[in-house]
Amino acid sequence: MALRDTIRPLFGAALGLGLATALLLPRLPALAEEAPRRLPEPATHATEAPGSRVAVFAGGCFWGVQGVFQHVRGVTSAVSGYAGGTRGDADYRTVSGGGTGHAEAVAVTYDPAQIRYDELLRIFFSVALDPTQVDRQGPDSGHQYRSALFPQDAEQARIAKAYIAQLDAAKTYTRPVATRIEPGAAFYPAEAYHQDFMALHPGHPYIAANDAPKLEALRALFPERTAAQPVLVNRPPA
């Protein structure tokens, strides 16, 4: 279980345990952690009907993954939550135990006329995570922090499989892509205090150490895809 979770009683839910992680162990990178990079364009493009679509991504702590997608042009919503387990286990305390089957995930609503699913995958793998990590990201470890894609239909599953195969065939990373494709999983939104966490708490030590660099990488590597203002789940503070 990640340190961010084990010391939760000492600091309370509102801190999300990032403070303790940052103070005690500011950074616990896995060996040979892969750096953000602008990955090749997917060779296989998604064919999607007009209108809003939803894609679900898991890549470690959902704060950072949500924060990245909230700044992507064509994304109209990004909600932190849980995918891979049952409704009855879809709460932070239970998921943090690591045995529910859930992953911390983000449901991304997007307009395929502006950005296709394969283009979202490219951004996800480029800046939101290290896809070679198994059951961990950065300082967080456990099955709930795995890298996974939860296709919402057969087309998303086809595109995800094709892009992962493309990255592996090109030997993009020093290790194979460990991201799992898990079709058929329901998504359950997380508690309100987890929503918009990066936007609302940019100075939080966990955000500064682990998630702000992802947003910086998005801006540097995909300036043409980056929105100036995030799309928030909750209304911004007055």
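Let's start with the big picture: the protein chain has 9 helices and 8 strands. Keep in mind as you look around that this is a predicted model. Of the 238 residues in the chain, 51% count as buried. What about the surface? The protein chain exposes about 10,000 Å², and carbon and sulfur atoms supply 58% of that area. The chain also brings together parts that are far apart in sequence: among contacts between residues at least 6 apart, 80% join residues at least 24 apart.

Now let's go inside. In soluble globular proteins, nonpolar side chains tend to be buried together. Here, the largest nonpolar core has 49 residues, and Phe57, Tyr117 and Phe125 are the ones that touch the most other members. Helix 6 gives this core its largest share, 8 residues. Apart from that core lies another one of 8 residues, including Val56, Ala58, Ala103 and Ala107.

Tyr117 is worth a closer look. Which residues is Tyr117 in contact with, once you leave aside its neighbours within four places in sequence? Find Ala46, Glu48, Ala55, Phe57 and Tyr110 on one side of the numbering, then Leu149, Gln156, Ile159 and Ala160 on the other. Notice that Phe57, another of the residues touching the most core members, is on that list of contacts.

Next up is helix 9, residues 205–221. How far apart should the ends of its 17 residues be? At 1.5 Å a residue, the helix should span 24 Å, and its end C-alpha atoms are indeed 24 Å apart, so the two values agree. Follow the helix along, though, and you'll meet a kink of about 45 degrees at Asp211, shortly before the proline Pro213. Asp211 is also one of the buried residues of helix 9, and so is Lys214. The rest of that buried set is Tyr206, Ile207, Asn210, Leu215, Ala217 and Leu218.

Finally, let's visit two loops. Most residues other than glycine have a negative phi. Asp135 goes the other way, with a positive phi near 55 degrees. You'll find Asp135 in the loop between helix 6 (117–128) and strand 4 (136–137). Asp196 has a positive phi too, about 60 degrees, although it is not a glycine. Asp196 sits in the loop between strand 8 (187–189) and helix 8 (197–200).

Are these two aspartates buried or exposed? Buried means under 20% relative accessible area. Asp196 has 1% relative accessibility, so it counts as buried. Asp135 has 29%, so it counts as partly exposed.

Definitions and conventions. Residues are numbered from 1 along each chain as its sequence is written. This is a predicted model: local features need pLDDT of at least 70, side-chain atom pairs count only at pLDDT 80 or more; totals for chains, interfaces and linings use all residues. Side-chain values use heavy atoms; hydrogens and water are left out. Helices (H or I, at least four residues) and strands (E, at least two) are DSSP runs, numbered from the N terminus. The expected span of a helix is 1.5 Å times one less than its number of residues. The bend at a residue is the angle between axes fitted to the seven residues ending there and the seven starting there. Buried means under 20% relative accessible area, exposed over 50%, partly exposed in between (1.4 Å probe, protein chains only). A nonpolar core is a set of buried Ala, Val, Leu, Ile, Met, Phe, Trp, Tyr and Cys residues joined through side-chain atoms within 4.5 Å. Contact means heavy atoms within 4.5 Å. Accessible areas come from the Shrake-Rupley method with a 1.4 Å probe; for residues, only the protein chains shown count as cover.
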